[in-house]
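Please look over the structure shown below with its sequence beside it, and then follow the paragraphs that come after it. They move from a single side chain to the wider arrangement of the chain.

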Amino acid sequence: MKNSSPLIRESTSTKLRILILQRIIDGHYPPGHRLKEMELAREFNTSQAPVREALGELEATGVIESEPHRGSRVRTVSERELGEAYQVRAVLEQLAGELAAGQFNGREALLQRQADKVRRAYEHGNMEEYARHDLAFHRMIVAATGNQVLLENWDALHFDIRARLFLGHSKLSLQSTLDLHDEIVKALIEGKRKLAGRLLRMHSEAFCSRGSEGQQHVPDA
């Protein structure tokens, strides 16, 4: 029976990680906010061990950073960092577009509804909602490829976390990338593989150009 304690602690640390992450995303813990183990343990009525494990997991995904003798704090995601992540995303999503084109039989309306949610969030000025719906739209496309390795690599870059943290305090205009969504949906539904891939790559490259000073767009193949 005593051997069950690590499992209990693991379960607690997972729940804490989810709670802390949600508070970071919704702005309750803003960029630069210090996360102190003792205070969090007291707030969540638990010991410091699962809090330490939860913070360690969040640090591994790039959400927080730790400094010697100063503890952990919520990271600030820069335009450059987001741009570099989107360089990789551009390549992954070009492949995803080519593989997913023609695979939405019976789910065309679902894809279009998700694109409409992105537009409404942007028009209402809700950047947190924009980031959430936009990432869901793109993940839906990657998942439609049926390629689990591609999906795992896409997920591993933590676009959801990076984009929400960045867009939550960003004043960027995203109208140009937003306008691509309807074209992407049309190409995917019509099974135009090369076009769908090229449009998805263009969508990601819009962030590359913002995130890396002087960066040039990669020519379309």
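In this predicted model, glutamate 129 is partly exposed, because its relative accessible area of 23% lies between the limit of under 20% for buried residues and that of over 50% for exposed ones. Glutamate 129 belongs to helix α6, and its side chain is joined to that of arginine 132 by a polar contact of 2.8 Å or less, namely 2.7 Å. Lysine 117 stands 12 residues from glutamate 129 in sequence, and the C-alpha atoms of the two are 8.7 Å apart in space.A second glutamate makes a useful comparison. Glutamate 93 sits in helix α4, which covers residues 79-100, and it counts as buried because its relative accessible area is 1%, under the limit of 20%. Two polar contacts involve the side chain of glutamate 93: one of 2.8 Å to the side chain of histidine 138, and one of 2.9 Å to the side chain of tryptophan 154. When neighbours within four places in sequence are left aside, the residues in contact with glutamate 93 are His138, Trp154, Leu200 and Ser204.

How do these helices fit into the protein as a whole? The protein has 11 helices and 3 strands, and from the N terminus on its elements follow the order α-β-α-α-β-β-α-α-α-α-α-α-α-α. Of its 221 residues, 42% count as buried, while the protein exposes about 11800 Å², of which carbon and sulfur atoms supply 51%. Among the contacts with a separation of 6 or more, 70% are between residues 24 or more positions apart.

The largest nonpolar core holds 22 residues, and those that touch the most other members are Phe104, Leu111, Tyr130, Phe137, Ile141, Ile184 and Leu188. Two or more residues of this core come from each of α5 (108-123), α6 (127-144), α10 (180-189) and α11 (193-211). Isoleucine 141 can serve as an example, for beyond the residues up to four places away in sequence it touches Ala96, Ala100, Phe104, Leu111, Ile184, Leu188 and Leu200. Another core, of 17 residues, lies apart from this one and has Ile20, Ile24, Leu40 and Val74 among its members.

Helix α10 deserves a closer look. Its buried residues include Leu180, His181, Ile184, Val185, Ala187 and Leu188. Seen down the axis of α10, the buried residues fall within an arc of 165 degrees, so they line one face of the helix. An α-helix has 3.6 residues a turn, and therefore residues three or four places apart point the same way. After α10 comes glycine 191, whose phi is positive, near 75 degrees.

Helix α3 can be read in a similar manner. Its 13 residues, 48-60, should span 18 Å at 1.5 Å a residue, and this agrees with its end C-alpha atoms, which are 18 Å apart. In α3, the residues Pro50, Val51, Ala54, Leu55 and Leu58 are buried. Because the buried residues of α3 fall within an arc of 135 degrees when seen down its axis, they line one face of the helix. Glycine 62 follows α3, and its phi is positive, near 85 degrees.

Methods. Residues numbered from 1 in each chain as written. Predicted model: local features only at pLDDT ≥ 70, side-chain atom pairs only at ≥ 80, totals over all residues. Heavy atoms only, no water. Helix = DSSP H or I, 4+ residues; strand = E, 2+ residues; numbered from the N terminus. Buried < 20%, exposed > 50% of the residue type's maximum accessible area, 1.4 Å probe, protein only. Contact = heavy atoms within 4.5 Å. Areas by Shrake-Rupley, 256 points an atom, 1.4 Å probe, with all protein chains shown as cover. Polar contact = N/O pair within 3.5 Å; in protein donor to acceptor, adjacent residues only side chain to side chain. Expected span 1.5 Å × (residues − 1). Arc of directions from axis to C-beta. Core = buried A, V, L, I, M, F, W, Y, C linked by side-chain atoms within 4.5 Å.
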